Amino acid sequence: MDAIITLSQLYPAVFYSLVFFVSLMVGSFLNVVIYRLPIMMERSWQQEYQSYFSEGEPTPHDKNSSASEEVFNLVKPDSTCPSCGHKIRAWENVPVISYLFLKGKCAKCKVGISVRYPLVELFTALACTFAAYQFGVTSQALWAVLFTYILVALLFIDLDKMLLPDQLTLPLLWLGLLLSTQHIFVGTNDAIIGAAAGYLSLWSVYWLFKLATGKEGMGYGDFKLLAALGAYTGWQGLPIIILLSSFVGAIAGILIMVIQNKGKSLAIPFGPYLAVAGWLTLLFKDAIITTYLDYVL
């Protein structure tokens, strides 16, 4: 990695361009993750439920059905048009460009394709390039790009399903702790305290709210995500993340309730606000703390 960084420092424009175009392609894959991972999890839960509660051995019919069940993961089956089943060819799957070339329609049936796909690709590329630029041509930039990839997937999955998969939050947490041993973003002590405090802070709020109201205000995925963010930003970044996410979440929640006219019973995912606040804190923590101290003092 050091050799790559050294070479990139000679040509920073090439480095940032590479981050942008690679992130476009990764964004295309993240669209797959965002759609398929929740389905894979639901199928896994169903299989576990059936294995625990089914009585006796499966019938021959059950065995044949299981054997013939279509493989469904992040690689297979191949991407197809949801309307006509047309298999997406390689040239139709070039990030953003294919969407523009096909005018947002399937090449076969001409049914419209959601604009969300190219927007996720472009959003990922822009966010990663900005993160890389913020850290400069350093190893921090590369890890910040990976950090951004995972947060993008978590953000959209939570928006769609109100779910923050352990398959993403836990690797993010452990990676942050491992990076702290090399002081990539923060030191080990700050990362461990940040992870523990991040988890326990929301865990405490959850139980206080549940004891007071008898309702669950958030999910355990939110605890794990904040723990992961604490591992990257240290305990010093947690107040910033909590304040930013709560402030933006409260405003967005009020607007959504007013627009949809659903009142206080409307469930709103908190993960997207945590993800955005955590990303901003990783990039601007020192500047935010300095500005605050200058203002207060």
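How do the residues of the lining of the largest pocket divide into nonpolar, polar and charged? The split is 24 nonpolar, 10 polar and seven charged, with Ala, Val, Leu, Ile, Met, Phe, Trp, Tyr, Cys and Pro taken as nonpolar, Asp, Glu, Lys and Arg as charged, and the others, Gly among them, as polar. This is a predicted model, in which local features need pLDDT of at least 70, side-chain atom pairs count only at pLDDT 80 or more, and totals for chains, interfaces and linings use all residues. Residues are numbered from 1 along each chain as its sequence is written, and side-chain values use heavy atoms, with hydrogens and water left out.

Back to that pocket (an open set of points on a 1 Å grid over the protein atoms alone, where a 1.4 Å probe fits, with protein on both sides within 12 Å along at least five of seven lines; lining residues have an atom within 4 Å of a point). Its space comes to about 1,100 Å³, a volume being what is filled by probe spheres set on the points, which are joined across faces, edges and corners. Among the 41 lining residues, Ser-79, Thr-80, Ile-88, Asn-93 and Tyr-117 sit closest to the centre. Helix 2 supplies the largest share of this lining, nine residues; helices here are DSSP runs (H or I, at least four residues) numbered from the N terminus.

The second largest pocket holds about 880 Å³. Of its 36 lining residues, Gly-217, Met-218, Ile-268, Pro-269 and Phe-270 are the closest to its centre, while helix 10 gives the most to the lining, with seven residues.

How values were computed:
Helix = DSSP H or I, 4+ residues; strand = E, 2+ residues; numbered from the N terminus.
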